[in-house]
Amino acid sequence: MSVANNIKETRINMGISQQELANELGVTRQLISKWETGISYPDAEQVKILSSKLDIPAHVLLDEDIPESLANTA
């Protein structure tokens with residue numbers, strides 16, 4: 001699974017909108033959309049904050065399949 005899919009699926013499983021996540025991170029909804037479509041990627045600091053907000057380890061968010069136990073914690 002890609003970084004884009006990991007962000008999107010985790011956000012959806014948590015039941016939060018792109019706008020809500022954007023507000024939490026202090027970025028625009030459009031940036032969240034770009035991350036989720038793979039147009040752009042979060043920088044290192046954004047990954048750190050994003051992994052905290054989505055309650056998922058950064059290394060899993062970036063390049064691994066999300067374990068079922070983390071994907072369905074919403």
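**Helix packing and salt bridges: worked exercises**

Glu36 counts as buried, since its relative accessibility is 7% (buried is under 20% relative accessible area, exposed over 50%, partly exposed in between, with a 1.4 Å probe and protein chains only). The model is predicted, so local features need pLDDT of at least 70 and side-chain atom pairs pLDDT 80 or more, while totals for chains, interfaces and linings use all residues. Residues are numbered from 1 along each chain as its sequence is written, and side-chain values use heavy atoms, leaving out hydrogens and water.

**Exercise 1. Work out what the chain is built from, and what share of it is buried.**

Step 1. Count the elements: there are six helices and zero strands (DSSP runs numbered from the N terminus, H or I of at least four residues for helices, E of at least two for strands).
Step 2. Going along the sequence, that reads α-α-α-α-α-α.
Step 3. Of the chain's 74 residues, 32% are buried.
Step 4. Now take contacts (heavy atoms within 4.5 Å) between residues at least 6 apart in sequence: 50% of them join residues at least 24 apart.

**Exercise 2. Find the salt bridges and say where their partners sit.**

Step 1. Searching the whole structure turns up two salt bridges (a side-chain nitrogen of Lys or Arg within 4 Å of a carboxyl oxygen of Asp or Glu).
Step 2. One pairs Arg11 with Glu36, with 2.5 Å between the closest N and O atoms. This pair links distant parts of the chain, 25 residues apart, with Arg11 in helix 1 and Glu36 in helix 3.
Step 3. Check burial: Arg11 has 8% relative accessibility, so it's buried, and Glu36 is buried at 7%.
Step 4. Another pairs Glu24 with Lys53, where the closest N and O atoms are 3.2 Å apart. Glu24 sits in helix 2 (residues 18-25) and Lys53 in helix 4 (residues 44-53), so this bridge ties together parts 29 residues apart in sequence.
Step 5. Check burial again: Glu24 is partly exposed at 47%, and Lys53 is partly exposed at 36%.

**Exercise 3. Describe how helix 3 packs against helix 1 and helix 2.**

Step 1. Helix 1 (residues 3-14) and helix 3 (residues 29-37) have axes that come within 6 Å and cross at roughly 120 degrees (axes are lines fitted to C-alpha atoms, for helices over the stretch in contact, with angles from 0 to 180 degrees between N-to-C directions).
Step 2. The two helices are therefore oblique (under 35 degrees is roughly parallel, over 145 roughly antiparallel, 65 to 115 roughly perpendicular, the rest oblique).
Step 3. Helix 1 brings Ala4, Ile7, Lys8 and Arg11 to the contact, and helix 3 brings Trp35, Glu36 and Thr37.
Step 4. For helix 2 and helix 3, the axes come within 8 Å and cross at roughly 110 degrees, so this pair is roughly perpendicular.
Step 5. Here Gln18, Gln19, Leu21, Ala22 and Leu25 of helix 2 meet Arg29, Ile32, Ser33, Trp35 and Glu36 of helix 3.

**Exercise 4. Decide whether Asn6 and Thr10 are buried or exposed, and find what lies across from each.**

Step 1. Asn6 belongs to helix 1 and is buried, its relative accessible area being 0%.
Step 2. A polar atom of the Asn6 side chain lies 3.2 Å from the backbone oxygen of Val60.
Step 3. Thr10 is in helix 1 and is buried, at 5%.
Step 4. Thr10 and Asp55 are 45 residues apart along the chain, with 9.0 Å between their C-alpha atoms.

Note on methods
Polar contact = N/O pair within 3.5 Å; in protein donor to acceptor, adjacent residues only side chain to side chain.
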